[in-house]
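Hi,

Here is the structure I promised to pass on. Have a look at it first, and then read my notes below.

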Amino acid sequence: MGKTLFEKVWDAHVVTQDPGAPAVLYIDAHLIHEVTSPQAFGMLRERGLKAHRPERTFATMDHAIPTRSLDMALWPSDAATQVRTLRENCEDFGITLWDIEGDVQGIVHVVGPEMGVTQPGMTIVCGDSHTSTHGAFGALAFGIGTSEVAHVLATQCLLQHKPKTFAINVEGELGFGVTAKDVILAIIAKNGAAGGTGYVFEYRGSAIRKMSMANRMTICNMSIEGGARAGMIAPDETTFEYIKGRPYAPKGEEWDRAVAYWRTLVSDAGAAFDRELTLDGSKLEPMVTYGTNPGQGVPVTGCIPMPDELDDAAQRRSLFSALEYMGLKPGQPMEGQPVDIVFIGSCTNGRIEDLREAAKLVQGKRVADSVQALVVPGSKAVKAQAEKEGLDRIFSEAGFEWRGAGCSMCLAMNEDKAGAGKYVASTSNRNFQGRQGPGARSLLMSPIMAAAAAVNGRVVDVRDMLN
Amino acid sequence: MEPIQKLTARAVPLRAENVDTDQIIPARFLTAVTKEGMGDGLFYSWRYTREGEPKPDFMLNDPAYAGAEILIAGRNFGSGSSREHAVWALTDYGFRCVITPGFADIFYNNSLKNGLLLAPLPEDAVNMLLDLVEEDPTTVIEVDLERQTVTLPDGQEHHFEIDPFRKMCLLQGVDDLGYLQSKAEAVAVHEARSPY
Ligand code: SF4
């Protein structure tokens, strides 16, 4: 019997395994940021340990940093403390830091791939659940807790149980106006927010093969919203093309050797998955979430479910509490729902491709008077590229705020918070209660759907604007 | 890490599914660079009004449940962000065990690494426990890690699963780091043959 992509990468990284114990898994690349790393360095210091391979850990600043100004004198003191602590820790332990003062900084899951650190066949971890993003390159990438950050720093290894495998096949041609974001929201709506618990997803099928790396990253990014710690896509020419020439990519002969190996990283024809799900891509529509977990989503042309359409009591209870928080009603159509804030950005949809699509839609239009809209590029490189292409002007002229790179209103750790009761059309990945600010109500959607909501002041079917 | 063998304590019922780590500890409490005092932010938005007043109808604010060390909640507990702060908030507040029908993966791992015992039970059993402690907050529950059981005052016993390795770590109070360090030789062999 053949092996799946996941099994190939897993097997190549098991250092040793005692009977009855989890595997000791080797980690090739480790990304850290200012929020989940300080206590890990604390643990190393407590035990007098050094970093085992400091050149395999890369640090940046994204979660807490303000996106209006890089002048730390103007920042809240706790964000500044975290940034200073990270600088000190990187200095003391010899770790590469992509600082806000340099030109590489950005959201850790945008910057890693941009720098070519993310490569097929690697194991990649970060103290952040959206590390699943890097699986788009055929890496096994997953989020870890702070204790595990310390384990990787000290030993370059983790103790891990082998997850099960789950093939998600998306076949066919995506309809007009239907994006990668809609595909992943549809998968989660169908399979549930916990449906992937204990599994690693492998996204396959003709719709996935046709996608750009940016779109594949959007899909893998939200694997965690579907309950899976990791999601993978087999590398192919699109992947190699993306990596080639990036700062940390292999060069010369090494490149040829690497690509030859990477080509073997596909699930074998006879490989068996523990579970499988198939979606017809041509039947998908733009999606919007109405609830407080990412599985609570419907096509934009659809309505919020009625409680009696749901199978079990727990799901109904979940629906009631979600709708109470969201101020929405069962059976209500999604189209026409007013929005107060539009947020375009995050590690899900803060890449140049996302900004291009959104800019195309708002060009020559105005953000509705009732709406505050902001665009937060995923990295300094995305920002610079967008400015080169004049996207910043298109957004500014339409009435969007144009910000510096970071997580921003995706998790509202900095001052970018949506007010209580406000509806946020957001391209990020989580619609949890209070995620975008205490009391804020998130409606997750694609960048073009969010851009359309900004212009109309309410949720609309973007396909009506594209015609 | 403190070894855990058995816990005999009262419990707080939290009737909610998909309790995500943003609810357990909102992002604005993640700005600390140490673990201390994290319990102050536990369930902050559910515990306090926007003005910072305790909400009387939230279970943790009910004096009848003060000092309880077990938390009982709905399925898919700990979903979302990988923040270990969620576990630190629970343990700093005084919880030593969480009972639900199921936990999200990263949260599960983080908890056991911090000596927070997780006991997954079938949904029916969890619902019954919720009823029981809602009705009588003085109910004392016994969680026995060695035997992998949750026992009610009337002697009713429920079995829970835990990975044998994790169980051993909790019983002995040992953590992963020491174990990983002992594998240095095997790591060196791997490094010598790995392309990365
Ligand atoms: S953009 Fe949002 S989801 Fe992504 S790393 Fe930042 S906070 Fe996490």
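To start with a residue you can look up right away: is F43(B) buried or exposed? F43(B) counts as buried, because its relative accessibility is 0%. Before going further, please keep in mind that this is a predicted model.

**Two residues with an unusual backbone**

Most residues other than glycine have a negative phi. F43(B) goes the other way: it is not a glycine, yet its phi is positive, at about 50 degrees. You will find F43(B) in the loop of chain B that runs between helix 1 (21–24) and helix 2 (44–47).

Q148(B) is another such case, a non-glycine residue with a positive phi of about 55 degrees. Its loop lies between strand 5 (140–144) and strand 6 (149–151) of chain B. Q148(B) is buried too, because its relative accessibility of 12% falls under the 20% cut-off.

**Loops and what comes close to them**

Still in chain B, P137(B) sits in the loop between helix 5 (123–135) and strand 5. With a relative accessibility of 18%, P137(B) counts as buried. Now look for P13(B): the two prolines are 124 residues apart in sequence, but their C-alpha atoms are 8.9 Å apart in space.

Chain A has a similar story to tell. Y248(A) is in the loop between helix 9 (237–243) and helix 10 (252–262) of that chain. Y248(A) is partly exposed, as its relative accessible area is 33%. From Y248(A) to M115(A) there are 133 residues along the sequence, while the C-alpha to C-alpha distance is 6.0 Å.

**Aromatic rings**

A pair of aromatic rings is described by the distance of the centres and the angle of the planes. Over all chains, the count is 24 aromatic pairs. One of them joins F395(A) and F400(A), with 5.2 Å from centre to centre and 75 degrees between the planes, which is edge-to-face. Both partners are buried: F395(A) has 0% relative accessibility and F400(A) has 4%.

Why is the pair of F103(B) and Y108(B) called tilted? Their planes meet at 50 degrees, with the ring centres 6.2 Å apart, so the pair is tilted; stacked would need an angle under 30 degrees and edge-to-face one over 60. F103(B) counts as buried, at 9% relative accessibility.

There is also an aromatic cluster in chain A, made up of F166(A), Y199(A), F201(A) and Y203(A). Y199(A) has a further partner in R275(A), which lies over the face of its ring at 5.6 Å from the centre. The same kind of arrangement can be seen where R246(A) lies over the face of Y242(A), at 3.8 Å from the ring centre.

**Around the ligand**

Where is the largest cavity? It is the space that the ligand takes up. The residues around the ligand come from chain A, and among them are H63(A), H109(A), D128(A), H130(A), C347(A), C407(A), C410(A) and R435(A). The others in this shell are I107(A), S346(A), L411(A) and N429(A). Sorted by class, the shell has five nonpolar, five polar and two charged residues.

If you want a place to begin browsing, try F43(B) in its loop between helix 1 and helix 2 of chain B, and then go over to the ligand in the largest cavity.

Best wishes

How values were computed
Residues are numbered from 1 along each chain as its sequence is written. Chains are lettered from A and ligands numbered from 1 in the order in which they are written. This is a predicted model: local features need pLDDT of at least 70, side-chain atom pairs count only at pLDDT 80 or more; totals for chains, interfaces and linings use all residues. Side-chain values use heavy atoms; hydrogens and water are left out. Rings of Phe, Tyr and Trp (its six-membered ring) pair if their centres lie within 6.5 Å; planes under 30 degrees apart count as stacked, over 60 as edge-to-face and the rest as tilted. Buried means under 20% relative accessible area, exposed over 50%, partly exposed in between (1.4 Å probe, protein chains only). A charge sits over a ring if NZ of Lys or CZ of Arg is within 6 Å of the ring centre and within 35 degrees of the ring normal. A residue is near a molecule or strand if one of its heavy atoms lies within 4 Å of it. On a 1 Å grid over the protein atoms alone, a cavity is a set of points where a 1.4 Å probe fits but cannot get out, and a pocket is an open set with protein on both sides within 12 Å along at least five of seven lines; lining residues have an atom within 4 Å of a point. A molecule sits in a cavity or pocket if more than half of its atoms lie within 2 Å of its grid points. Ala, Val, Leu, Ile, Met, Phe, Trp, Tyr, Cys and Pro count as nonpolar, Asp, Glu, Lys and Arg as charged, and the others, Gly among them, as polar. Helices (H or I, at least four residues) and strands (E, at least two) are DSSP runs, numbered from the N terminus.
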